[in-house]
Amino acid sequence: MKKILITCVLFITILMNVQAQSKKETYLFAYFKDNGEDGLHLAYSTDAYNWTTLKNDKSFLTPTISNDKLMRDPCILRGADGLFHMVWTVSWKSNGIGYASSKDLINWSAQQFLPVMEKEEGVGNSWAPEITFDNKSKTYMIYWSSTIKGKFSETLLKKDDKNNNRIYYVTTKDFKSFSPTKLLYEPGFNVIDASIVNDNDKFVMFLKDETKEPVQKNIKIAHSDNLTGPYSKASEPITGNYWAEGPTSLKLGNEWIVYFDKYTEHKYGAIKSNDLNTWTDVSDKISLPKGLRHGTIITITKKELKKLQKQ
């Protein structure tokens with residue numbers, strides 16, 4: 001009887017462990033390396049702290065559009081249609097962004113150039129586009145940072161007249177037709193690298209304050225009840241005494257983790273919080289592929305991961 005009882009306990013323990021393992025999320029980090037010349041790189045993690053490269057850190061998609069043919073700042077979103085939709089920065093100087101879609105993150109549609117700022121004169125750039133989905137309107141919002149010559153002169157530095165960004169956006173339901181481009185966020189300073197996430201049908205924007213004088217170069221937060229705004233005044237910095245950019249976030253239960261590029265130190269950092277107000281640095285607890293640059297994190301299935309691992 002005792003042996004049967006022990007066997008039953010062991011069986012239940014094993015079963016519980018298997019179930020716990022099966023419930024573990026699998027996270028995918030889409031990123032670029034160097035200047036983005038070779039395209040899309042992917043890494044995965046099951047704990048959101050330790051990341052392993054896929055395809056021996058070789059590119060999954062080579063950029064083919066724009067004069068510069070770059071694929072910087074890739075942002076991938078799993079759409080309501082079941083497709084993975086990706087946007088990226090195609091050039092340091094452009095009035096548009098890149099777009100492609102995929103069913104499996106391996107085989108991608110033809111790359112398209114979306115001229116999102118073509119109707120504005122004096123556009124210097126279209127940087128770090130991202131996509132966020134609005135459950136209420138079933139609409140996607142694509143947003144990015146651009147400098148338009150002559151606008152927001154109150155924050156323009158004379159010695160840096162080509163870098164005075166604000167966040168702009170378009171909306172779409174099908175990635176075929178798009179709304180007119182509009183201003184999304186004007187925080188009163190040079191702002192780039194916005195990343196917006198849905199939090200119980202409210203929206204949290206992580207952003208980089210790009211101010212050079214007096215120097216900021218840090219990550220802040222803004223909030224809104226609606227995806228297209230208006231967004232609140234930017235918070236105090238949530239990152240430390242170092243330059244940071246390219247925030248991307250994920251939520252583990254009630255815990256937020258924000259990854260960001262410590263670009264002057266050529267390494268990544270991370271902070272965590274339970275309330276979006278008080279942040280703890282966990283940079284010493286993360287392990288990322290060497291050379292990883294600004295990207296985004298999504299959740300994938302174990303079946304999808306297995307296919308990626310075969311590449």
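1. Strand 10 (residues 166-172) pairs with strand 11 in the antiparallel sense, over 3 bridges. Within this pairing, Ile167 stands opposite Tyr185 of strand 11. The model under review is a predicted one, and the points below should be read as a description of that model.

2. The pairing of strands 10 and 11 belongs to an open sheet of 4 strands, ordered 8-9-10-11, with antiparallel pairing. Its edges are strand 8 (127-134) and strand 11 (182-185), each of which pairs on one side only. From one strand to the next, the twist averages 35 degrees.

3. Another open sheet of 4 strands runs in the order 4-5-6-7, and here too the pairing is antiparallel. Strand 4 and strand 7 (112-114) are the edge strands, each pairing on one side only. The average twist in this sheet is 30 degrees from one strand to the next.

4. At the strand 7 edge, which register does the model give Ile97? Its bridge partner in strand 7 is Leu114. Strand 6 (residues 97-102) and strand 7 run antiparallel and are joined by 3 bridges.

5. Two residues other than glycine deserve a check of their backbone angles. Lys69 is not a glycine, yet has a positive phi of about 50 degrees. Lys69 lies in the loop between strand 3 (52-53) and strand 4. Its relative accessibility is 41%, so Lys69 counts as partly exposed, the range for that class being from 20% to 50%.

6. Asp73 also has a positive phi without being a glycine, with a value near 55 degrees. Asp73 is placed in strand 4, an edge strand of the 4-5-6-7 sheet. Is Asp73 buried or exposed? Asp73 counts as buried because its relative accessibility is 8%, and the cut-off for buried is under 20%.

7. Two cis peptide bonds should be noted. One joins Glu213 and Pro214, with omega at about -15 degrees. Pro214 sits in the loop between strand 13 (202-209) and strand 14 (218-224). Another cis bond joins Gly229 and Pro230, where omega is about 10 degrees. Pro230 is in the loop between strand 14 and strand 15.

8. The largest pocket has a volume of about 670 Å³. Its lining consists of 27 residues, of which Leu77, Val197, Ser249, Ile297 and Ile298 are the closest to the centre. Which elements give two or more residues to this lining? They are strand 4 (72-78), strand 8, strand 12 (191-199), strand 15 (245-252) and strand 19 (293-300).

9. By class, the lining of the largest pocket has 14 nonpolar residues, 9 polar residues and 4 charged residues. Two of the contributing elements, strand 4 and strand 8, have already appeared above as edge strands: strand 4 in the 4-5-6-7 sheet, and strand 8 in the 8-9-10-11 sheet. Strand 4 also holds Asp73, with its positive phi.

Note on methods: Residues are numbered from 1 along each chain as its sequence is written. This is a predicted model: local features need pLDDT of at least 70, side-chain atom pairs count only at pLDDT 80 or more; totals for chains, interfaces and linings use all residues. Side-chain values use heavy atoms; hydrogens and water are left out. Two strands pair if DSSP finds at least two bridges between them. Axes are lines fitted to C-alpha atoms, for helices over the stretch in contact, and angles run from 0 to 180 degrees between N-to-C directions. On a 1 Å grid over the protein atoms alone, a cavity is a set of points where a 1.4 Å probe fits but cannot get out, and a pocket is an open set with protein on both sides within 12 Å along at least five of seven lines; lining residues have an atom within 4 Å of a point. Grid points are joined across faces, edges and corners, and a volume is the space filled by probe spheres set on the points. Ala, Val, Leu, Ile, Met, Phe, Trp, Tyr, Cys and Pro count as nonpolar, Asp, Glu, Lys and Arg as charged, and the others, Gly among them, as polar. Buried means under 20% relative accessible area, exposed over 50%, partly exposed in between (1.4 Å probe, protein chains only).
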